[in-house]
Amino acid sequence: MGRGSDEVLRDLAGLREQVYRLFDEQAGRSWGGREAVSARWTPAVDIFDTGVAFVLAAEVPGVDQADIHLEVTDDVLVLRGERPASTPDPSFSYHRVERPGGLFQRVFRLPSGVDPGAVTASCRDGVLRVTMPKLEEARGRPIPVRLGD
């Protein structure tokens, strides 16, 4: 009795998985391992307090300035944009393609005391810097301590 088409397809799928595993193992030896790579890119950020302002620094390499959009509403800062995905050249044989692109959006709740009308942004060397000045009354002020009286 002959083998059914389902059984043949299962065997072919198993063979395909073995071939993929073989190539993955070989690539792992040659190209530094088999790490999981996210298909979605999101800029990494640092947020810090300078005393007079909060600053958000976001890594946005490869993102055109025209594709970065910032919005401040009440106590929320929205950073959105798009980074173009790398487009493999069909004339090359690629071993890895790990530079995802696409739309991104990050939403941050601002601490109280930020002056939304004074927020500024600049971008240099692939780092977006958003400066959010504090309102005068929200800034800490030093209180001098006098010696005994």
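The following exchange concerns the predicted model shown above.

The model is predicted: local features need pLDDT of at least 70 and side-chain atom pairs count only at pLDDT 80 or more, while totals for chains, interfaces and linings use all residues. Residues are numbered from 1 along each chain as its sequence is written, and side-chain values use heavy atoms, with hydrogens and water left out.

Biologist: Which element of the chain has the highest mean pLDDT?

Modeller: pLDDT is the predictor's confidence in each residue, from 0 to 100, and its mean over the chain is 81. Helices (H or I, at least four residues) and strands (E, at least two) are DSSP runs, numbered from the N terminus. Among these elements, H1 has the lowest mean, 64, and the highest, 96, belongs to S7.

Biologist: Which strands each supply at least two residues of the largest nonpolar core?

Modeller: A nonpolar core is a set of buried (under 20% relative accessible area, 1.4 Å probe, protein chains only) Ala, Val, Leu, Ile, Met, Phe, Trp, Tyr and Cys residues joined through side-chain atoms within 4.5 Å. The largest has 16 residues, and Leu 56, Val 60, Leu 77, Leu 128 and Met 132 touch the most other members. The strands in question are S2 (53-59), S4 (76-83), S5 (102-109) and S7 (127-133).

Biologist: Why does Leu 15 count as partly exposed?

Modeller: Leu 15 lies in helix H1, residues 5-31. Partly exposed denotes the range between buried and exposed, the latter being over 50%. Leu 15 falls in this class because its relative accessibility is 46%.
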